[in-house]
Amino acid sequence: MSNYAASGGYYISTSCEKMFANPTTITGSIGVFGIKLDASKWAKDYGIRTDYYPHGSHAASLNPLVPLTPRTKGNITRLIAGHYDYFKNIVANGRSMSVDEVEQVAQGRVWTGEQAKEVGLVDRLGGLDRAVSYAKSTHTKSESVDVEYWPRKKGFWDFISGKESLAGIISEAVALVKNSSDETDSIVHLFNEMSQLKFAERPHFMLTMDEKTALDLILGRE
């Protein structure tokens, strides 16, 4: 675990052989919540109504224009409780704990890595280097092995000239325009290539950093 691995992040980590967390890692958050939007009064005030043909008594439970009745609330509550119980069982099996022990540290509570180790949610304190060191010493005959880190670190040139960079997308769009015989098709191709959907097809992340860290990242300095 790095800076943050809570809720879903903890869910996918809990079955591993050894769990490492930094002392300040934000983790835990073993819990499930659900939301039912009830816009029925708003719709009635504005004269909006819908017709539907449900295939069961709770088929329209999540329809925002269907009011939240006691029966619907009870059904949604049961669904959430079922997912919560499943989550706790996954943690119990992965951490060799009883469900009751998991419940004591669950309930959606968030822990630092140091606290998580104290309550049995992680095994050791440390980051990626310690996790790699453990894997080497436990699963290799000799610790003299090559380690590949993914995703591979990219340099400044990769950010500005790679196929998935902005320049790469522009080049791809221009090529499509040149190969199109119809002017309308060319405009459509260009729009599709440069639209947000084009970017959305690729994995992205956003982070904030100070100016020095940003320059170090761009220049490829450690």
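Colleague: In which helix do D45 and K41 both lie?

Modeller: Keep in mind that this is a predicted model. The side chains of D45 and K41 meet in a salt bridge, with 3.3 Å from N to O, and both residues are exposed. They sit four residues apart, about one turn of the helix, and that helix, spanning residues 40-45, is α2.

Colleague: How many salt bridges does a search of the whole structure find?

Modeller: Side chains of opposite charge can pair when their charged atoms come close. What counts here is a side-chain nitrogen of Lys or Arg within 4 Å of a carboxyl oxygen of Asp or Glu. D45 with K41 is one of those pairs, at 3.3 Å. Over the whole structure the search gives four.

Colleague: Let's go to D85 and K88. About how many helical turns separate them?

Modeller: These two form a salt bridge, and their closest N and O atoms are 3.6 Å apart. Both belong to helix α3, residues 70-95. Because they are three residues apart there, the separation is about one helical turn.

Colleague: Is K88 buried or exposed?

Modeller: The cut-off for buried is under 20% relative accessible area. Its partner D85 comes out at 38%, which makes D85 partly exposed. K88 has a relative accessible area of 8%, so K88 is buried.

Colleague: E103 forms a salt bridge with K88 too. How many residues apart in sequence are the parts that this pair ties together?

Modeller: The closest N and O atoms of E103 and K88 are 2.8 Å apart. E103 lies in helix α4, residues 99-105, while K88 is in helix α3, so the pair ties together parts whose separation in sequence is 15 residues.

Colleague: Which residues are joined into one network by salt bridges that share partners?

Modeller: K88 forms a salt bridge with D85, and K88 forms another with E103. As for accessibility, E103 counts as partly exposed at 21%. The salt bridges share partners, and the network they make consists of D85, K88 and E103.

Colleague: On to the rings. How far apart in the chain are F20 and Y134?

Modeller: The count of aromatic pairs is three. F20 and Y134 form a tilted one, 5.9 Å centre to centre with 55° between the planes, and both residues are buried. F20 is in strand β2 (residues 20-21) and Y134 is in helix α6 (residues 128-139), so the pair links distant parts of the chain, with a separation of 114 residues.

Colleague: And what kind of pair do the rings of W42 and Y46 make?

Modeller: W42 counts as partly exposed at 49% relative accessibility, whereas Y46 is exposed at 60%. Planes under 30 degrees apart count as stacked and over 60 as edge-to-face. The W42 and Y46 planes stand at 45°, with ring centres 5.6 Å apart, so this pair is tilted.

Colleague: Now the open sheet. Which strands are at its edges?

Modeller: Three strands form the sheet, in the order β1-β3-β4, and the pairing is mixed. An edge strand pairs on one side only, and that description fits β1 (4-6) and β4 (110-112).

Colleague: By how many degrees are neighbouring strands of this sheet turned against each other on average?

Modeller: The strands in question run in the order β1-β3-β4. With direction ignored, the average turn between neighbours is 35°.

Colleague: Which residue in β4 stands opposite G28?

Modeller: Strand β3 covers residues 26-28 and pairs with β4 in the antiparallel sense, over three bridges. Opposite G28, the residue in β4 is V110.

Colleague: Which residues does S13 touch, not counting those up to four places away in sequence?

Modeller: S13 lies in helix α1, residues 8-13. Its relative accessible area is 19%, so S13 counts as buried. Leaving out residues up to four places away in sequence, S13 touches M1 and M19.

Colleague: Last one, for the whole chain. What percentage of its residues are buried?

Modeller: The chain holds eleven helices and five strands. About 16,400 Å² is exposed, and carbon and sulfur atoms supply 57% of that area. Out of 222 residues, the buried share is 23%.

Terms used. Residues numbered from 1 in each chain as written. Predicted model: local features only at pLDDT ≥ 70, side-chain atom pairs only at ≥ 80, totals over all residues. Heavy atoms only, no water. Pairing = 2+ DSSP bridges. Helix = DSSP H or I, 4+ residues; strand = E, 2+ residues; numbered from the N terminus. Axes fitted to C-alpha atoms, helices over the stretch in contact; angles between N-to-C directions. Phe/Tyr/Trp six-rings, centres within 6.5 Å; stacked < 30°, edge-to-face > 60°. Buried < 20%, exposed > 50% of the residue type's maximum accessible area, 1.4 Å probe, protein only. Areas by Shrake-Rupley, 256 points an atom, 1.4 Å probe, with all protein chains shown as cover. Contact = heavy atoms within 4.5 Å.
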